[in-house]
Amino acid sequence: MYRYDEFDQAIVDARVAEFRDQVARRLRNEISEEAFKPLRLMNGIYLQLHAYMLRVAIPYGTLDSRQLRMLAHIARRYDRGYGHFTTRQNIQYNWMKLEEMPDLLADLASVEMHAFQTSGNCIRNISSDQFAAAAADEIADPRPYAELLRQWSTLHPEFSFLPRKFKIAVTGSATDRAAIQLHDIGIKLVQNGDGEIGLKVLVGGGMGRTPLLAHVIRDWLPVADYLSYMEAILRVYNRHGRRDNIYKARIKILVNDLGPAEFARQVEDEWARVKPLGLDPPPSELARIAAHFQPPVLDASAPVAIDLSDPEFAQWVAVNTHPHKVPGHAIVTISLKAPGEIPGDASADQMDLIADLAQAHAQDEIRVTHAQNLVLPHVRRDALFTIWQALKGAGLATANLDRASDIISCPGLDYCTLANARSIPIAQKLAVKLAPQEADLGELKIKISGCINGCGHHHAGHIGILGVDRKGEENYQLLLGGSGAEDASLAKILGPGFDENGIVNAVEKVIGRYQALRTGPDERFLDTYRRVGAEPFKEAVYG
Amino acid sequence: MAETLFRLRSDAGHDGPAVALADYQPGGAAVRLEPADDARALIPHLPALARIDIAFPKFREGRGYSAARILREAGFAGEIRAVGVLYVDQLAFLVRAGFDAVLPETPFDAAVAKATLARFPHVYMKAADAARPVWLLREEAALAGRT
Amino acid sequence: MPRLLTGNRVETGDVIWWTGTGWSLHLKDAVAVDADGEALIARFAPQERINDLALIDADATDAGWRPRTTRERVRAVGPSVRPDFALPSIPVESI
Ligand code: HEM
Ligand code: SF4
């Protein structure tokens, strides 16, 4: 894991002092709310329905046990004993007091964490693959490349007042677990014939009210030119992105309006100008960062065969673990989606328990996934039973990864000022209804957003649900056929919307029709949908 | 008006009015760029220019940061003045992007401005100012054998 | 229709309601401001102590005020999915 040096720590500490001063000036009325709001947003603080909300950055979704325990401490000391893990690998707290924020940020800084740029029209937390350094299909660990971007984008003088927020994801595997096609910039590590690593650069993906998939603007970018090329993209965007309409301000609209080829040409043109300015750090800097991400030393002779005689345990192993690149090891996903619970929420006690398990059994590492679950990336198979038992005692052993009850949901109208409808209760009802048959259904990704902003990724759901407002009533639209993985596609609205009970029934009808149509147990819902199209489902729901 | 100007230059500067880009005549000493203007249009005229004003008509405006940096990259050493809806807490960004004067709508508190500029002991990236990014400091430290 | 004045306290973010003489955390203490609403906002906004000042529509019921929109009912009670935090304003089930 990356460790701060004196420079990193000094910058984070200065940020805490700066915000302490800004809050004090606000509370003394020396600055207006209008001037203060962008400052608090750049420190991740929103005013939500019930209180302030704080979004803490978890760079590329990686934590150690000390940091997770600090997140638990913050939940207890400053919040109401829980936090919400988000689809961008961050954590949000819902009951914050502005006057306590400086102390909270100081606590975070003491474990090398911060809330820099977790909101505002700037470059946000860099997300990545939750299986980094553990997945077998990985070319290289993407996190050093993400850390380099984190540093470069922190307090960037030119790119802190962009037309709109800017999200970057980096992945190093063939399987896309970071939804790079749905980010403003997606970076994929690639390898050439000589075994050399380069970067494939995608631009212009995103969700919100105009969902678009990103375009490749460069198949191969030498690593040495990484940051100057990013400067060129961001400069083209900062100068030419629309600022007249907040809904058209994302880079995806610019890329779409210019066309990807013309956009790429402008980037190359700008790059030719900025490349000679010496913006790229020497290779020693990436090497220095990469040295922090040395893969853990794992015992390749650890036993592969383990006792699976307990059927409930065997089921959990089958569903919630992935093969690790080192034999005798596994990647464990801890589901934060027990049916009936709030997707992505974890209590302080649960966080502490997971921290303990990570320290004892998983090389002291925890990851946050974009599906709002947690991961122990490096676990010996012969420790799985112990871990499972501990998780079970804390309500964390639900075996539902990527299944019907593993639902992504945004906070919706229960917390969010922008919401049109509640999302969490829909997720809870669906999870409870679908859990009994989910083993038979196989992979099924249901994603729910409480408004068109799409924080719950509804456009990327095999089944997506979007909350809308219909004459003051909560109403839900049903979308089918999306994917945020390497086979990315955008879900399409099936027909007129429903009320709360209606949407649950409609999803059940869609699933019933799928079961009738599927060619066999290997055909996922998404495959069936792609094969037969929307008509049969329309008929099942509205016919 | 004069006392609200926040200026980091010690030279006398050019006090004359700045003309709009469309009205600029070669040889003129001061010009004003609106957010949509292309700063590169001024490159042939930089030797004649003493001051370039860059407008920030509303808070949600950030193109001026790119404009200033482009002008510094082109070698402009005269005054670049940010004019408009700007708050003191943005000062460090402005200075690093190449501005050396600000005419804000509401005046800056001098003590806060000073503290803001002194706040961050290090910077992560190279920009238009002289600050050396931490990757350079790290490299030097490594070369000096301190790790 | 009765209108209530609400906002969030700057220090804490707490949702608060205008009681005629001050601010309360509880919807039940709110008074109808009706035609005086805009004048009250014009008075409080420049003081910069309450964020997001707003007038909301509510019905007077036997059990007290019932805000018209789901959003305002959620704001008055707390998240519908966390009844353990519910404020005693209106029953969570009736959001
Ligand atoms: C609770 C306060 C939140 C607010 C005010 C908020 C606001 C927004 C807005 C306005 C957008 C649309 C941006 C655009 O299209 O330009 C958006 C998109 C998004 N948000 Fe949130 N959001 C919140 C919470 C969350 C949470 C809890 C998550 C994760 C579960 C999240 C993750 C995302 C993602 C992934 C997108 C879409 C990706 C994209 O930017 O294209 N946000 N959010
Ligand atoms: S999708 Fe809408 S309701 Fe949900 S968190 Fe985002 S902004 Fe709020």
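Colleague: How many salt bridges does the structure hold over all chains?

Modeller: In this predicted model, the total over all chains is 78 salt bridges. One of them pairs A:Asp103 with A:Arg20.

Colleague: What makes the pair of A:Asp103 and A:Arg20 a salt bridge?

Modeller: The closest N and O atoms of A:Asp103 and A:Arg20 are 3.0 Å apart. The cut-off between a side-chain nitrogen of Lys or Arg and a carboxyl oxygen of Asp or Glu is 4 Å, so the pair qualifies. The pair links distant parts of the chain: A:Asp103 belongs to helix α4 (residues 101–109) of chain A and A:Arg20 to helix α1 (residues 6–27) of chain A, 83 residues apart.

Colleague: Are A:Asp103 and A:Arg20 buried or exposed?

Modeller: A:Asp103 has a relative accessible area of 36%, and A:Arg20 has 37%. Buried requires under 20% and exposed over 50%. A:Asp103 is therefore partly exposed, and so is A:Arg20.

Colleague: Why is the pair of A:Lys325 and A:Glu138 called a salt bridge?

Modeller: The closest N and O atoms of A:Lys325 and A:Glu138 are 4.0 Å apart. The rule accepts atoms within 4 Å, so the pair is counted. A:Lys325 lies in the loop between β11 (321–323) and β12, and A:Glu138 in the loop between β6 (127–128) and α5 (143–153), so the salt bridge ties together parts of chain A that are 187 residues apart in sequence.

Colleague: Which class of burial applies to A:Lys325, and which to A:Glu138?

Modeller: A:Lys325, at 39% relative accessible area, is partly exposed. A:Glu138 has 14%, which is under the 20% limit, so A:Glu138 is buried.

Colleague: What joins the side chains of A:Asp402 and A:Lys445?

Modeller: These side chains meet in a salt bridge with an N to O distance of 3.9 Å. A:Asp402 is in the loop between α12 (384–393) and β16 (408–409) of chain A, and A:Lys445 is in the loop between α14 (438–441) and β17 (446–449), so parts 43 residues apart in sequence are tied together. A:Asp402 is partly exposed at 25%, as A:Lys445 is at 25%.

Colleague: Which residues are linked in a network of salt bridges?

Modeller: The network links A:Glu158, A:Glu231, A:Arg235 and A:Glu270 with B:Arg40, B:Arg69 and B:Glu73.

Colleague: How do you know which chains touch, and what is found for chain B and chain C?

Modeller: No contact joins chain B and chain C, and their closest C-alpha atoms lie 16 Å apart. Two pairs of chains touch, and chains A and B have the most contacts.

Colleague: What is the area buried between chain C and chain A?

Modeller: About 2200 Å² is buried, and carbon and sulfur atoms give 53% of this area. C:Arg71, C:Val81 and C:Phe85 supply 23% of the area that chain C buries against chain A, more than any other three residues.

Colleague: What makes A:Arg26 and C:Glu48 a salt bridge?

Modeller: Their side chains meet at 3.5 Å, N to O, which is within the 4 Å limit, so the pair counts as a salt bridge. The rule finds one salt bridge across the interface of chain C and chain A.

Colleague: Why is A:Ser335 called buried?

Modeller: The relative accessibility of A:Ser335 is 1%; buried means under 20%, so the label applies. A:Ser335 is located in the loop between β12 (329–334) and β13 (345–347) of chain A.

Colleague: What makes the pair of A:Ser335 and A:Asn400 a polar contact?

Modeller: The polar contact between these side chains is 2.7 Å long, and the limit for a pair of N or O atoms is 3.5 Å. The side chain of A:Ser335 also reaches the backbone nitrogen of A:Lys337 at 3.1 Å.

Colleague: Is A:Glu365 buried or exposed?

Modeller: A:Glu365 has a relative accessible area of 9%, under the 20% limit, and is therefore buried. A:Glu365 lies in strand β14 (residues 365–368) of chain A, and its side chain makes a polar contact of 3.3 Å with that of A:Arg143. A:Glu365 and A:Met1 are 364 residues apart in sequence, yet their C-alpha atoms are 8.2 Å apart in space.

Colleague: How many charged residues does the shell around ligand 2 have?

Modeller: The shell around ligand 2 has no charged residues; seven are nonpolar and five polar. Among the surrounding residues are A:Cys410, A:Cys416, A:Cys451 and A:Cys455.

Methods
Residues numbered from 1 in each chain as written. Chains lettered and ligands numbered in written order. Predicted model: local features only at pLDDT ≥ 70, side-chain atom pairs only at ≥ 80, totals over all residues. Heavy atoms only, no water. Helix = DSSP H or I, 4+ residues; strand = E, 2+ residues; numbered from the N terminus. Buried < 20%, exposed > 50% of the residue type's maximum accessible area, 1.4 Å probe, protein only. Polar contact = N/O pair within 3.5 Å; in protein donor to acceptor, adjacent residues only side chain to side chain. Contact = heavy atoms within 4.5 Å. Buried area = accessible area lost by both parts, 1.4 Å probe. Near = heavy atom within 4 Å. Nonpolar A, V, L, I, M, F, W, Y, C, P; charged D, E, K, R; others polar.
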